[in-house]
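Subject: Structure handover

Hi,

Here is the structure I said I would pass on to you. Have a look at it first, and then read on for what turned up.

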Amino acid sequence: LKNLNEMCAKGDADFQERKQARLTEIQAVAETIEILMGDEARDAMSGTYNSFVQVAAARQNTRRHQAAQLLRKAARQSNNPALLVLASSAELDAFTKVKAA
């Protein structure tokens, strides 16, 4: 019984450690995406892709980006990494049609 309790405690500690590592990774990825989607990065890459953007797609992308920014703000205020993931996936979902083609 003592051995079982020790194994459970160790398993619990290991799980918490893995859980924290995954949350940290998710948060780092979300922050990286935010940096890459930021104004400075867009300005640096503007010459590369501006000629390919259509007006309707740009409007939809702007709304998607604004929604993602709102989710990120809420995530920071509530310290909720799941909202950061949702914000990132909201922006990345724009590429679903491109990936399917």
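Let me start with a pair of charged side chains: Glu-34 and Arg-72 form a salt bridge, with an N to O distance of 3.8 Å. Glu-34 belongs to helix α1 and Arg-72 to helix α3 (residues 55-78), so this pair ties together parts that lie 38 residues apart in sequence. Please keep in mind throughout that this is a predicted model.

The two partners differ in how they are covered. Arg-72 is buried, because its relative accessible area of 1% is under the 20% cut-off. Glu-34, at 28% relative accessibility, counts as partly exposed.

Glu-34 has another partner as well. Its side chain also meets that of Arg-76 in a salt bridge, here at 2.4 Å from N to O. This pair again links distant parts of the chain, with Glu-34 in helix α1, Arg-76 in helix α3 and their positions 42 residues apart. Arg-76 counts as exposed, since its relative accessibility of 52% is over the 50% cut-off. Taken together, Glu-34, Arg-72 and Arg-76 are linked in a network of salt bridges.

What else touches Arg-72? One residue to look at is Ser-88, which has Arg-72 among its contacts, along with Ala-30 and Ile-33, once neighbours within four places in sequence are left aside. You will find Ser-88 in helix α4 (residues 81-92). With a relative accessible area of 7%, Ser-88 is buried.

There is also a salt bridge within a single helix. The side chains of Glu-25 and Arg-22 meet at 3.3 Å, N to O. Why can these two be partners along one helix? They are 3 residues apart in helix α1 (residues 2-36), so about one helical turn separates them. Glu-25 is partly exposed at a relative accessible area of 44%, and Arg-22 is partly exposed with a value of 44%. A search of the whole structure finds 4 salt bridges, so you may like to look up what I have not described here.

Next, the loop between α3 and α4, which is where Asn-80 sits. Asn-80 is partly exposed, with a relative accessible area of 30%. A polar atom of the Asn-80 side chain lies 3.0 Å from the backbone nitrogen of Ala-82. Asn-80 is also 9.2 Å from Gln-27, C-alpha to C-alpha, although 53 residues separate the two in sequence.

Finally, some figures for the whole protein:

- The protein has 5 helices and 0 strands, and from the N terminus on its elements run α-α-α-α-α.
- Of its 101 residues, 13% are buried; Arg-72 and Ser-88 are among them.
- Taking contacts between residues at least 6 apart in sequence, 54% join residues at least 24 apart.
- The accessible surface comes to about 8,100 Å², and carbon and sulfur atoms account for 59% of that.

If you open the model with one spot in mind, I would suggest Arg-72: this buried residue meets Glu-34 in a salt bridge and is in contact with Ser-88.

Happy browsing, and do write back with any questions.

Best wishes

Notes: Residues numbered from 1 in each chain as written. Predicted model: local features only at pLDDT ≥ 70, side-chain atom pairs only at ≥ 80, totals over all residues. Heavy atoms only, no water. Helix = DSSP H or I, 4+ residues; strand = E, 2+ residues; numbered from the N terminus. Buried < 20%, exposed > 50% of the residue type's maximum accessible area, 1.4 Å probe, protein only. Contact = heavy atoms within 4.5 Å. Areas by Shrake-Rupley, 256 points an atom, 1.4 Å probe, with all protein chains shown as cover. Polar contact = N/O pair within 3.5 Å; in protein donor to acceptor, adjacent residues only side chain to side chain.
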